Structure formats: C-alpha cells, structure tokens
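Student: I am new to this structure and would be grateful for a close look at a single part of it. Please begin with the charged side chains and then place them in their surroundings.

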Amino acid sequence: MPAEAVPLTAMSPETSKPDAYPSQAPSQASDFEQWLATLQHAINQNKTYPYQARRRNLSGSVEVMLEVNPDGSLIKAEITRGRKVFHNSTLRAIRNAFPASRTHKDSPVTVHLTVHYQLRQP
C-alpha cells in the first residue's frame, strides 16, 4: 500500500526566550512562519513509511522537539511522543531536511512538530 502524504503540523513554535516570539514585529513573525512551513515541507519530502508499519497496517504520529541555530543548522532533534515504529523514519527525515535556511531569529529556536503517518486505503 502506498503511503499517503500526510502533512506534518507545527504544534507550537517557541524561541529560547519564552516571550520573544509574541513580541516580534509582524514581518518578522511572517518570516519565521514561512521558514517553519518550509521546514515542515522538507521533513515531509524526506519521510518514508517504515516497512514494519506498512506490513502491519499501522498509522500514527510522532511528536518531536527541534533546536535550530539561527543559521539553520540542527542542534538537536528529540522524539517526545509517538509510536516507536515511526521514530527512526522521523529522525532520518529531520536529519535529511537540514541544514535549513536561516531562521530569521537572533538566537537558537526550539520548535515542536508532529509528523503524521497514514496509509491510503485501496
């Protein structure tokens, strides 16, 4: 069965300073939101459906926390929740999506994302 291209969704973009994101000027927030959408797309493009999950007809989601430098390099990717069968595929997709473009922030950012996996029904 082919894997459906289910988009991953941003749960809550944050910066290393809790109050920095809401106080950004509208154009800066828009730049960051565009950066986040581009990152989500890159992760989805690199995502593969794990063989064991496909064979067992499993669907699910994986929540991840990413720390990203202002230059777009990945500091850390950590699974925070989700089906173990999807963990390796998710981390591989994240690694392959980096380096990303600049974050439009002055300090490292922490972003929480959810990566979805769902099989299409024939």
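Student: How many salt bridges does the count come to, taking a salt bridge as a side-chain nitrogen of Lys or Arg within 4 Å of a carboxyl oxygen of Asp or Glu?

Tutor: The count comes to two salt bridges by this rule. Before they are described, the basis must be stated: this is a predicted model, in which local features need pLDDT of at least 70 and side-chain atom pairs count only at pLDDT 80 or more, while totals for chains, interfaces and linings use all residues. Residues are numbered from 1 along each chain as its sequence is written, and side-chain values use heavy atoms, with hydrogens and water left out.

Side chains of opposite charge can pair when their charged atoms come close. Lys 76 takes part in a salt bridge with Glu 67, where the closest N and O atoms are 3.8 Å apart. Lys 76 also meets the side chain of Glu 78 in a salt bridge, at 3.4 Å from N to O. Glu 67, Lys 76 and Glu 78 are thus linked in a network of salt bridges. As for accessibility, buried means under 20% relative accessible area, exposed means over 50%, and partly exposed lies in between (1.4 Å probe, protein chains only). Glu 67 counts as partly exposed because its relative accessibility is 23%. Lys 76 is partly exposed, with a relative accessible area of 34%, and for Glu 78 a relative accessible area of 34% likewise means partly exposed.

The surroundings may now be considered. Helices (H or I, at least four residues) and strands (E, at least two) are DSSP runs, numbered from the N terminus. The secondary structure of the chain comes to three helices and four strands, and from the N terminus on these elements run β-α-α-β-β-α-β. Of the 122 residues of the chain, 37% count as buried. With contact meaning heavy atoms within 4.5 Å, residues 24 or more positions apart account for 79% of the contacts in the chain with a separation of 6 or more.

Strand 4 covers residues 109-117, and eight of its nine residues are buried, so the rest of the structure largely encloses this strand. Two strands pair if DSSP finds at least two bridges between them; strand 2 (residues 60-68) and strand 4 pair in the antiparallel sense over nine bridges. For example, Met 65 has His 112 of strand 4 as its bridge partner.

Helix 3 spans residues 87-97. Its buried residues are Ser 89, Thr 90, Ala 93, Ile 94 and Ala 97. They cover an arc of only 135 degrees around the axis, taken from the directions from the helix axis to the C-beta atoms, which puts them on the same side of helix 3. On the other side of helix 3, Asn 88 and Arg 95 are exposed.

Two of these buried residues deserve a closer look. Thr 90 counts as buried because its relative accessibility is 1%. Setting aside residues up to four places away in sequence, Thr 90 touches Val 62, Val 64, Ile 79, Val 115 and Tyr 117. Ser 89 counts as buried at 3% relative accessibility, and with the same residues set aside it touches Lys 47, Thr 48, Pro 50 and Tyr 117. A polar atom of the side chain of Ser 89 lies 2.4 Å from the backbone oxygen of Thr 48.

Asn 44, in helix 1 (residues 26-46), counts as buried at 18% relative accessibility. Asn 44 and Thr 90 are 46 residues apart in sequence and 9.1 Å apart in space, C-alpha to C-alpha.

The loops complete the picture. In the loop between helix 3 and strand 4 lies Pro 99, and the peptide bond leading to Pro 99 from Phe 98 is cis, with omega near 5 degrees. His 104 lies in the loop between helix 3 and strand 4 as well, and has a positive phi of about 65 degrees although it is not a glycine. At 44% relative accessibility, His 104 counts as partly exposed. Asn 57, found in the loop between helix 2 (51-55) and strand 2, has a positive phi of about 55 degrees although it is not a glycine. At 42% relative accessibility, Asn 57 counts as partly exposed.

Notes: Polar contact = N/O pair within 3.5 Å; in protein donor to acceptor, adjacent residues only side chain to side chain.
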